[in-house]
Amino acid sequence: MVGNREAVFFDGPGGSQIPTSVADAMSEYLLNHNANTGMSFATSLETDEIICDALQACADFIGCNDYTEIAFGQNMTSLNFQLASALSKTWGPGDEVVVTRLDHDGNVGPWTLAAEWSGASLRKIEINPEDCTLDMESVVDVISEKTVLVALGAASNLSGTINDVRTIAEIAHEVGAEVVIDAVHYAPHSLIDVTEMGCDFLLCSPYKFFGPHQGLLWGEKNRMRDLPVAKLRVATEEIPFRWMTGTQSHEGMAGTKAAIEHIAWVGREVSGITGLTRRESLIEAYKAIEDYERALCLRMLEGLGGIGGLKIWGITDPNRISERAPTVSFTHPKMTATEIGDKLAGRGIFVWAGNFYALELTEALGLEPEGVLRAGILHYNSIQEVDFFVESVAEIVG
Ligand SMILES: Cc1ncc(COP(=O)(O)O)c(C=O)c1O
């Protein structure tokens, strides 16, 4: 509660709220199964089992068949640095690494450094500033026979833009480049399917999809087995554990599994179909989540669009609602994003102001240093909250 009102959580792109089942699973692990891995006493065996169960849940979540292709880590950024460091050892001068101006820095910074370490060059895919989409001419222009890697996001955490990753992955594969997808912002809104996306690596973060603070990396099995990942000589070579440095957050894994189970539960509830597998339940869940969130997003875009002077950065055409996640960012000529955000905070509406590390994009749009005001819708938000938010913004800037 803030004052006498229930808080409105539009801060989901920075981290979602979690269901009780996630907190319960973490506390159950810590209170009753807490141990390190790999010994024959009860809690250690239970820990091994919890890790495998969590990996299997993640495999269902991203649509792969083999859980040894998935590694847990501290967060997306740390895992991406680890991946970038391993891949950089396979590149050299003359190679080119491609990033985009739409991406979060977590999928730009590691590749910038990896290019530097290996002597490769860095190239950037440009955006169309009018709707914050990737410029497909630039995609074709930048990806060449020299490209060894293309790193791009599935959805922008600032403009909400959903990228056509499959087409870009096909263009990259034609020249023999590998493709890394940052699905952090995509994961709470739409179903991940690594086969459908056609990528070689994918990263996401459970704390954005109703789970604990953790990161996930998926990679094609041979690459996960063979890449020269930085590891201790005493650590196992077995996949996926060769990627999981040191002692991991086992309670986090228990919580991540519970978050995936929660989304699957949504799928079973909304579809009313019995006997679904976990993956099938997730498919049903995301169909319902997309429909629901798009309705709320349309309402928000329409409401904000009616406020004089306010500029929404990203797709606003209702006919293109499926090309964006329900994450809406805007600026106003008379007030800074921070001023608007502070006033909204006073009314119990939780939103973010700034660049949210999507620095390439705010620079490309000329929005530094102040950035934008961002409201992120998730499936636990309501149309009443959207209306209250729009009314509040209108009053504050009016
Ligand atoms: C699109 C996107 N990519 C990457 C990240 C970084 O994720 P993590 O905090 O797990 O490192 C974020 C975090 O906000 C994000 O929104």
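Me: What makes β2 and β10 a pair of strands, and in which sense do they run?

Reply: In this predicted model, four bridges join β2 to β10, and the two strands run antiparallel. A pair requires at least two bridges, so the four found between β2 and β10 satisfy the criterion. One of the residues involved is Gly73, whose bridge partner in β10 is Gly215.

Me: How do you know in which sense β9 and β10 pair, and which residue of β10 is the bridge partner of Leu202?

Reply: β9, residues 201–204, and β10, residues 215–219, are connected by four bridges in the antiparallel sense. Set against the requirement of at least two bridges, β9 and β10 therefore count as paired. The partner of Leu202 in β10 is Trp218.

Me: In which sense do β8 and β9 pair, and over how many bridges?

Reply: β8, residues 178–182, pairs with β9 in the parallel sense, over three bridges. Asp182 stands opposite Leu203 of β9.

Me: What is the strand order of the open sheet of seven strands, and what is its pairing?

Reply: The order is β2-β10-β9-β8-β7-β3-β4, and the pairing is mixed.

Me: Why do β2 and β4 stand at the edges?

Reply: β2 (70–73) and β4 (121–125) each have a single partner strand, so one side of each has no neighbour in the sheet. On average, neighbouring strands here are turned by 20° against each other, direction ignored.

Me: Which strands does helix α2 lie across?

Reply: Helix α2, residues 42–62, lies across β2, β9 and β10. Its direction makes about 115° with that of β2.

Me: What makes β10 a mostly covered strand, and which residues lie on each of its faces?

Reply: Five of the five residues of β10 are buried. Gly215, Leu217 and Gly219 lie on one side, Leu216 and Trp218 on the other, and all are buried. In a regular strand, side chains alternate between the two faces of the sheet. Both faces of β9 are likewise covered: Phe201 and Leu203 are buried on one side, and Leu202 and Cys204 on the other.

Me: Why is Asn80 called buried?

Reply: The relative accessibility of Asn80 is 0%. Buried means under 20%, so Asn80 falls within that class. Asn80 is placed in helix α3, residues 76–88.

Me: What does the side chain of Asn80 reach, and what makes this a polar contact?

Reply: The side chain of Asn80 reaches the backbone oxygen of Gly106 at 2.8 Å. The cut-off for a polar contact is 3.5 Å, and the distance of 2.8 Å is therefore within it. With neighbours within four places in sequence left aside, Asn80 is in contact with Gly106, Asn107, Pro110, Trp111, Val180 and Leu203.

Me: How many cavities of 30 Å³ or more does the structure hold, and which residues line the largest?

Reply: The structure holds three such cavities. The largest encloses about 70 Å³ of space. Among its lining residues are Ile162, His189, Ser190, Glu290, Glu293 and Arg294. A cavity is a space where the 1.4 Å probe fits but cannot get out, whereas a pocket is open.

Me: What is the volume of the largest pocket, and which residues lie nearest its centre?

Reply: The largest pocket has a volume of about 550 Å³. Its lining comprises 30 residues, of which His104, Asn157, Lys208, Phe356 and Tyr357 lie nearest the centre. The elements giving two or more residues to this lining are α3, α4 (109–118) and β14 (352–354). α3 gives the most, with three residues.

Me: What is the order of the open sheet of four strands, and which are its edge strands?

Reply: The order is β11-β12-β15-β14, with antiparallel pairing. The edge strands are β11 (311–312) and β14, each of which pairs on one side only.

Me: What makes β11 and β12 a pair?

Reply: Two bridges join β11 to β12, residues 327–331, in the antiparallel sense. The requirement is at least two, so β11 and β12 meet it. The bridge partner of Lys311 in β12 is Thr331.

Me: Which strands does helix α10 lie across, and which does helix α11 touch?

Reply: Helix α10 (residues 278–305) lies across β11, β12 and β15 (372–376), running at about 10° to β12. Helix α11 (residues 337–346) packs on the sheet and touches β12, β14 and β15, with its direction at about 40° to that of β15.

Technical notes
Residues numbered from 1 in each chain as written. Predicted model: local features only at pLDDT ≥ 70, side-chain atom pairs only at ≥ 80, totals over all residues. Heavy atoms only, no water. Axes fitted to C-alpha atoms, helices over the stretch in contact; angles between N-to-C directions. Contact = heavy atoms within 4.5 Å. Buried < 20%, exposed > 50% of the residue type's maximum accessible area, 1.4 Å probe, protein only. Polar contact = N/O pair within 3.5 Å; in protein donor to acceptor, adjacent residues only side chain to side chain. 1 Å grid on protein atoms, 1.4 Å probe; cavity = no way out; pocket = protein on both sides within 12 Å on 5 of 7 lines; lining within 4 Å. Points joined across faces, edges and corners; volume = space filled by probe spheres on them.
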